[in-house]
Structures are given as structure tokens and as C-alpha cells.
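Trainee: I'd like a close look at a single part of this protein: the empty space and what lines it. Please take me through it slowly, and then on to whatever sits around it.

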Amino acid sequence: MASIISNQTLPACADIIDVSAFNHYITLLAAGMILILALLEKRRFHPEVCGGRPALIVPLPLLDGYDNRFSYAAAFGAVINIISTLFTKLDTTLTDSFNVPLWAAALVLQFRVLEACITCFPLFACISTRHKLAGAVLGVTYSSILLGSTSAEAVQAYCQIVPAVTVSQAISVLIYLPVVLCFLYLIFKFLHAITECIRSNTYITTEPLKRVYTHQQQYVRLVLHRDYDPSTETTTCDKLIYRSVAGFKYPVRIISVAFILLVLLYRLGLALLLVGSLITDLSEFYFVGQNFSIPVGETRFYLMTPVVLDLLVGVFYITTIVCVIVTTFYIYLFMKSYRRHLLRMFRGNKSFILDQLPKPHIMMASSMRFPGYQVAYMLWGFGLLFVALLVAGLMLTYVIYLTIINHILTDVLLSLLQTISVPAMALLLFYLQVVLAKRVLMQEKIKVTDDTPPLNVDNRRFYECFNYYALFGNLAIGIFSCFWRILQGLILGVLMVGRLDHSIYSRGWEHRDKGYLSYISMLHVENAHNHPVLRVFCDLLLTALDKDGHQHTYQTPVRRNTKALRRWLVAYTLINNPGLAQRRKSVTNQKSQFTRIPEAELECAVDWPIDGGISSSVEFASSGRNVLVYQASPQDHSDL
């Protein structure tokens, strides 16, 4: 093979950097930057200890983040090499140096995952930190170091290939192109942030976290209109063609996952093209001008020719291109399905979700698994689809070419037609039943304006006779229908492996699909924390309280729910509402949130801070107004 690497012919640039050692040493620098950012923040828990420093740093807002979406996505694209090494190699050098046995390989993998998290952490923390100048300076430094190591790794991979193999050299450089572009984007963003901080003389962002975003306010305005239904997609074109929806914005989590999938798909496509070029070199080296055939009677039956090899290599390239296009389309459909499903949940439509949901803590854990599951499932789906299409394409191409070169195409086609005639007759009987049911057996429309006729039999005698014949004829149809069902299940199973927005199991068994469960749980968490109506309503309440000067309500320390406090609150309620004294012992349902009291019996409303959750709501029977009073527990009845 022309591209085999020889140690004697390697140039000096083939050994620039030890990637494994660099990944270990860069972790120390990353830990130092994390410590610096942590010391800049002050924690709220035990602020008196060490001046409230260091504090816990949030790398990126995966729960309710909408700002800096593309910066976070670029950070994921920049560290895609580190993420890829978790799957391609488990750092055998580290395993051998510690003499780790085989059973501890999983622990080594978890150690590598922790190391990769620490290595990637500064890029995200420098984007999310409130200390913009410090984060930008650290971000530029760290991004420049990683960019230099990535460039050295790309040059080293380029030099390890024989200069005559131009395709392999080009692919070895192009595979690092997205990573380099992401690093350049981050460096530009950090430099822009430094410039803005110096120009505005603002180094720390003092603004509080956003309670509501612009697109959520726009959604609430639009949803007040009765005809607004952004989740409706009636036609196939609506489901395939992307159209922007007012009042909706993809969060950081979805944008990051989609970008990771696109970058990994790009690298997988280039890697397969590189494998195709190596296969071409192998075929040219071993099968130049050779024909393999076996004697059959007076003729020879050809099994392999140079043309067959060229066709098979062409099938390999075509399969690679088709898989890349199909997987890219899957990512696009996933984005549309996520938007459609989430908008349905915002409007209260949960018909597409599991009938019986798991417990909340299981759903919370499943929602955290979604990003990793989506990437892993999509990679597995790409691999299975590639193998299935490649095997089918190679077999079909090889059989067709053999029938042509051996001059047996006519015989094969005749045999194939005879074989197909049997299911064709069964299919004809199948559609004959449909035509007869529509034209002969069904009653006519009751009204001309009706869309469909009633589901009633018109010619009962003919129905019974034909149904008796179909009892035997449908046995053959059932055989081929069952085969087609199995084939469809196999095809859809391979195609739907990478899509978590659709379960590969039937209705009633969807809860066993862990990937689909993670997607559904993620939607529920998103709906619980980022519902636009909820966030806008809470923002309006908190804004009104801030304007009225009631901030102290949220700063009042919670008093202990003691027995003496409960007695005093009961007495205070009964003094101000004497009519409640006759009703206290008649309260039997302690879980009730509302107690209906006639307005005439309430002389005054209770006005004290509500602490410890020991008050309930009383609703006036006449006006419907609510007043907060104390609802005594059974043990309090004997206290007063």
C-alpha cells in the first residue's frame, strides 16, 4: 500500500507534540484557571468562612440559558478532539503505567471523563462568568494555547503521511478545520469582550439573572390571540420545510447538542473518505489487472475483476455520502420535533407523551442524560445505517455485475419475475377487496354533503360469500404481509436508532426506551422551568413587589413552627373572626386548600407575616374574595 508509514521516511515534523502527555499537563493549567475564577466569586452559603471565597462556578446554563448560545456551541466544537478521544482510545499509556487490570477499565474511563471535564471547563466558565474582563483574558490565553496544540497536532498528522498520497494529506488537515475555526471564533469573541470592557470601563456584570427573555414576552403577547397556534403543522411541507416561529428560541442545550453532532458527523464523513482512499490503494496494489474466475463446464464464471473492485469502492463512497446526508437531515428533523413538541406542551397538549410518567426524581435524572444520549445514539445510528446500506449496496452491485459479465442476466430476471408473481397476485387480491368494499359492499352516502358513507354493509349476501372466499385467500396475503411487516420493522429500526424524539417501541412499551424517556423528561423539565407564561407572570409579580418596596417580604427570616406560635395564631384568628369558633371541629379534610366561609361571619382579615406554611386560604362565599387565616391542626383544638 502506497500510504503505509515507514519510520525511516518520517520527516522531523512528524513528532512535534505528544498529544496524550499534553492532555494530562493541560489539566493542571485548567485547574488553576478554575481556581482563579472561583476566587473571584463569592458564595452565599456560609459567607463568613474565608470571606465567602471560593465559590462554585457554573460552566454553562443548561437549564434556562438563551444568551451566548453560539459561543457555547463553538466551545463544544473547539474541544471536540478531547471528546472524541473518550470513544476512540482509552489512553493505553495511562493504563499500562498504573498496571490497571481489565476489570478496572471502566474506572479508567471515568477518570478520563473527569480529566476531560476539567480540561474543557475554563472555556465555558470564561464565557459565563460575571467578571467579563478576567474571563476574557483567561479565555484568550487558554484558547490560544489549545489552538497552538491543535495546529501542531494537525501538522504532525500531515507529516506522518507519505507525500505521494495527496488525498490522505488533505483529509488529515481538513479534519481539524472545524476545531480551528471554533478556536478562532472564541478568540475573536474574547478580544471583543476585552475591548468592550475597556471602552465602557465596566469589568464586572452587576445585572441580576434574567427572569424573563424577550422571546418569552413575545410568546405571551401572541398567545393572547385566540387563533395563535404555532405548533400546528398540517401538511408534509410544513413538517419538512423550516419556518421561524415567533416567540420561540432554541436554548443553549439544544444548540450545543446539534453543533456537536454536526462536527462529529463532519469528522466521521472525512474519516470514511480516508478509509475509502486506503481501500483504493489496496485494490490497486494487490489486484492490478487480475481476474478471478472458476471453470463451469466449457466456460469460466468470473468472480472478481478490476471493474468490480472499482464499483465496490464507488458503492463505499456513495454510501458514505448518503449516510452523511441522511444523518444531517435527522438532526434537522430533531430540531423541528423539539420545537413542535415543546410548543404543544406550552399549550397543555401532552397527547404525544407517555401515558404513565415515571417519578419526578427519575425524570430529573433522565433529563440530564439527554445530551449525552442524543450524541451517542446518533453516532450508533450513523454506524448501523452505514453498515446496512453498505452491505445491501455491495451485495446488489456485485450480483448485478456478475449476472451481466457472465451473460446470465436474462435467466436471472425471468426467475425473479416468476418469484415475484406470487406476492403480486396476493397484492392484487388485497386491492380487489378494497375496491369491492368501496363500490359494492358499502352503503351510499346518507347526504350528498357527507364526506364518507356510513360504515354499514349494503349487499349482505355478497358480503358473506366474498368474506368466506377471503378467509382462505387472505392466508397468502397474511404470509407476505407478515414478511413485509418484519422488513419494515428492520428498516425503521435501523433508521430510527439515532432519533430520540420517536420511540422505536410500540405504544405501551415506550417506557422501556431509555433514550426516548430522556427526551420526554427533558421536555418536562423544560416546560416546568421555561414556560413563557409562568416566567412572565412571576416577573410581573416580582417587578410589582420591587416597585411597592416589599423586598423585605423575601428577606424576613422564617420563624420556627413552635407550639406556642401556633396557639397565638389560632387565638388571633378566632378573636378577629368569631364565626370560625363554631366551625373549627367540623373540619375533617386536612388536605383541603380552600375553606368556604360566609362573608358576614368574617369581621376583619388577618394581617400578619405568613411563616412556616401554617396558614391557609379562606374564600368568601358571596364575593369570591380570599383572605389568609390560620387553619388549626387537630392537636390545636385542645389547646384553646
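Mentor: Let's start with a sorting rule: Ala, Val, Leu, Ile, Met, Phe, Trp, Tyr, Cys and Pro count as nonpolar, Asp, Glu, Lys and Arg as charged, and the others, Gly among them, as polar. Keep in mind, too, that what you're looking at is a predicted model.

Now for the largest pocket. Sorted by that rule, its lining has 16 nonpolar, seven polar and 12 charged residues. The volume of the largest pocket is about 1600 Å³. There are 35 lining residues, and the closest to the centre of the pocket are S128, T129, R130, K132 and L209. Find those five on your screen and you'll have a good place to look out from.

Which helices each supply at least two residues of this lining? They are α2 (69–78), α5, α6 (132–159) and α8 (177–200). The largest share belongs to α8, with six residues.

One of those helices, α5, deserves a pause. It runs over residues 105–128, which gives it 24 residues. From first C-alpha to last, α5 reaches 34 Å, close to the 34 Å expected at 1.5 Å a residue. Even so, follow its axis and you'll meet a bend of about 40° at F121. A proline, P122, follows within four residues of that point. Carry on to the end of α5 and you come to S128, one of the residues closest to the centre of the pocket.

Two loops that join these helices are worth a look as well. Between α1 (19–40) and α2 there is a loop that holds F45. Is F45 buried or exposed? Its relative accessibility is 61%, so F45 counts as exposed. The C-alpha of F45 is 9.0 Å from that of A55, which is 10 residues away along the chain.

The loop between α1 and α2 also holds N68. Here's a bit of background: most residues other than glycine have a negative phi. N68 is not a glycine, yet its phi is positive, about 55°. N68 counts as partly exposed, because its relative accessibility is 36%. N201 is another residue with a positive phi, near 55°, and it isn't a glycine either. Look for N201 in the loop between α8 and α9. With 56% relative accessibility, N201 counts as exposed.

So much for the open pocket; what about closed spaces? Rolling a probe the size of a water molecule over the atoms shows where empty space is left. Searching the whole structure turns up six cavities of 30 Å³ or more. The largest cavity has a volume of about 70 Å³. Its lining includes Y66, H215, Q216, G247, F248 and K249. L342, F346, E526, N530 and P532 line it too. By class, that makes five nonpolar, four polar and two charged residues. Three helices, α9 (214–223), α12 (306–346) and α16 (514–530), each supply at least two residues of this lining.

The cavity also leads us to the rings. F248, from the cavity lining, is linked through ring pairs with Y250 and Y338 into a cluster. In total, the structure holds 14 aromatic pairs. One of them joins F316 and F386, edge-to-face, at 5.5 Å centre to centre and with 90° between the planes. F316 lies in α12 and F386 in α13 (residues 360–405), so this pair ties together parts that are 70 residues apart in sequence. F316 and F386 are both buried.

Set beside that the pair of W568 and Y572, which is stacked, at 5.1 Å centre to centre and with 25° between the planes. W568 and Y572 are about one helical turn apart, because they are separated by four residues in α19 (residues 563–576). An α-helix has 3.6 residues a turn, so residues three or four places apart point the same way. W568 is partly exposed at 48% relative accessibility, and Y572 is partly exposed too, at 28%.

One last stop: the loop between α12 and α13 holds Q356. Q356 counts as exposed, because its relative accessibility is 69%. Its C-alpha lies 9.2 Å from that of G508, although 152 residues of chain separate them.

Key
Residues are numbered from 1 along each chain as its sequence is written. This is a predicted model: local features need pLDDT of at least 70, side-chain atom pairs count only at pLDDT 80 or more; totals for chains, interfaces and linings use all residues. Side-chain values use heavy atoms; hydrogens and water are left out. The expected span of a helix is 1.5 Å times one less than its number of residues. The bend at a residue is the angle between axes fitted to the seven residues ending there and the seven starting there. On a 1 Å grid over the protein atoms alone, a cavity is a set of points where a 1.4 Å probe fits but cannot get out, and a pocket is an open set with protein on both sides within 12 Å along at least five of seven lines; lining residues have an atom within 4 Å of a point. Grid points are joined across faces, edges and corners, and a volume is the space filled by probe spheres set on the points. Rings of Phe, Tyr and Trp (its six-membered ring) pair if their centres lie within 6.5 Å; planes under 30 degrees apart count as stacked, over 60 as edge-to-face and the rest as tilted. Buried means under 20% relative accessible area, exposed over 50%, partly exposed in between (1.4 Å probe, protein chains only).
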